Amino acid sequence: MRRLLAWLLIFLLPVAALAEPETPYGQGLSVRYALLPASQQTLVDLLYKAALTHETTVAVPEGTKYDDLNAAFCFVSEEYPELIALDNQTTLHYYQNTPDVATAITLQYIMSQKQEEERRSVMMQTAEEIVAEAPTGLFDRELFLHDKLCSIVSYDSDTYGFSTADLALVDGMAVCEGYTRAMTLLCRMAGIPCSFVSGTDKQSGENHAWNLLLLDGTACYTDVTSDDSADGITLHWYFNLSAAELSLTHSMKTAVSLPSDDTWEYHRMMGLLVEEGGNAADVLVSALSKGLTPSLRFVSSADYAVFAEQPLEVLNQARARLGLSAETNLRYSKDDTTQCAVLLVESCIQ
């Protein structure tokens, strides 16, 4: 019996060591954590605890690979929005004769521990108040949080390089990293598994960040920054895209091997998806009758091209069927890559 217990301890201890760090919102809500190699999970836990207490030089287990430590630091700096003081610059130490083996890491901070704790307290209170307003249901909760962020945050390039969740939620300013970190925090506090992912915007070629969510086992991607348009309109063109849809406009740096489809995509969930060969006027009638902003996504590029040539004609067909007065003052935005369009007519959105 003693021998059996000894073997159980040998097998159970490594598992316990790989538990995700204790966070203000609980464990198991980072989608990416479970995808890390065990060697990196151990380092993530070590670095997270060190960052919370503002340790500077942190020794790592003997034999730690340089690449694993670098990957773990990048993960911690992206994935835990509550670590608002952690600088994204660091120094990794290694043996001169074995540069592939790391010995320690030096962390840097952009504010004192006391300042961070004060800022974090305000941020968490703000986040709790927002989440408390959110409705029930995965989709509705996420949609509320997405739209709330778009309403309270403005894109501010002056925050580039240090765009944190607290800047977005408390000060109302951010670039893509701040939007993404704030969305990560809100979703996790609402019980929705969510992560920070980064890569490149294919149209601009610039570095970009957005969210990975896991909804009932399905991976989908939401880009709050791109949905917060400059003219004050909240779009949903990048809300819960599948990996295939995302790849049309985004190039992701970190591969994520999870099942992904468009089950939770905004237009599909809201009945605003124009299936191949479908009638756009039918979808508009449904949208207007529900009081929704007419935002459409087209499955077929050919159907989208026809609609894009005559959006006012299609809109007038829908209005006539609903008995709405004719209105030619049409604001129309479209994105050819995603095959999305939003029509804003005053009489239709009152």
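Let's start at L214, which stands opposite A219 in strand 8. Before I go on, please keep in mind that this is a predicted model. That L214–A219 pair belongs to the contact between strand 7 and strand 8, which run antiparallel and are joined by five bridges. If you follow the chain around the corner there, you pass through a hairpin with two residues between the strands, and D216 takes a positive phi near 50° in it.

Now let's look at the other neighbour of strand 7. Strand 6, residues 194–201, pairs with strand 7, residues 207–215, over seven bridges, again in the antiparallel sense. Two spots help you find your way on the screen: V197 has W210 as its bridge partner in strand 7, and C194 stands opposite L213 in strand 7. These two strands also make a hairpin, this time with five residues between them, and G205 in the turn has a positive phi of about 80°.

So what is the order of the strands in the whole sheet? It is 8-7-6-9, four strands in an open sheet with antiparallel pairing. Strand 8 (218–222) and strand 9 (250–252) each have a single partner strand, so they stand at the edges and one side of each is left without a neighbour in the sheet. From one strand to the next, the twist averages 45°. As a quick reminder for anyone who thinks in solution chemistry, strands of a sheet pair through backbone hydrogen bonds, either parallel or antiparallel.

Is strand 7 mostly covered or mostly open? It is mostly covered, with seven of its nine residues buried.

Let's move to the pockets, where we meet some of these strands again. The largest pocket holds about 890 Å³ of space. It has 35 lining residues, and those closest to the pocket's centre are E78, E177, F196, S198 and K253. Which elements supply at least two residues each to that lining? They are helix 3 (66–79), strand 2 (86–95), helix 7 (176–189), strand 6 and strand 7. Helix 3 gives the largest share, six residues. If you care about the chemistry of the wall, the lining divides into 14 nonpolar, 14 polar and seven charged residues.

The second largest pocket has about 210 Å³ of space. Its lining includes L241, E245, L248, D262, R268 and R297, and also T337, T338 and Q339. By class, that lining has five nonpolar, three polar and four charged residues.

Last topic: the cysteines. How many disulfides does a search of the whole structure find? Zero. Just so we all mean the same thing, a disulfide is a covalent bond between the sulfur atoms of two cysteines. Take C74 as one case: the closest cysteine sulfur, in C176, is 16 Å away from the C74 sulfur, which is too far for a bond. C74 counts as partly exposed because its relative accessibility is 35%. C150 is another case, since the closest cysteine sulfur to its own, in C187, lies 12 Å away, too far for a bond. C150 is buried, with a relative accessible area of 6%.

To close, here is the picture I'd like you to take back to the bench. We have an open sheet in the order 8-7-6-9, and strand 6 and strand 7 each supply at least two residues to the lining of the largest pocket. Thanks, everyone, and I'm happy to rotate the model for you.

Methods: Residues numbered from 1 in each chain as written. Predicted model: local features only at pLDDT ≥ 70, side-chain atom pairs only at ≥ 80, totals over all residues. Heavy atoms only, no water. Pairing = 2+ DSSP bridges. Axes fitted to C-alpha atoms, helices over the stretch in contact; angles between N-to-C directions. 1 Å grid on protein atoms, 1.4 Å probe; cavity = no way out; pocket = protein on both sides within 12 Å on 5 of 7 lines; lining within 4 Å. Points joined across faces, edges and corners; volume = space filled by probe spheres on them. Nonpolar A, V, L, I, M, F, W, Y, C, P; charged D, E, K, R; others polar. Disulfide = S-S within 2.5 Å. Buried < 20%, exposed > 50% of the residue type's maximum accessible area, 1.4 Å probe, protein only.
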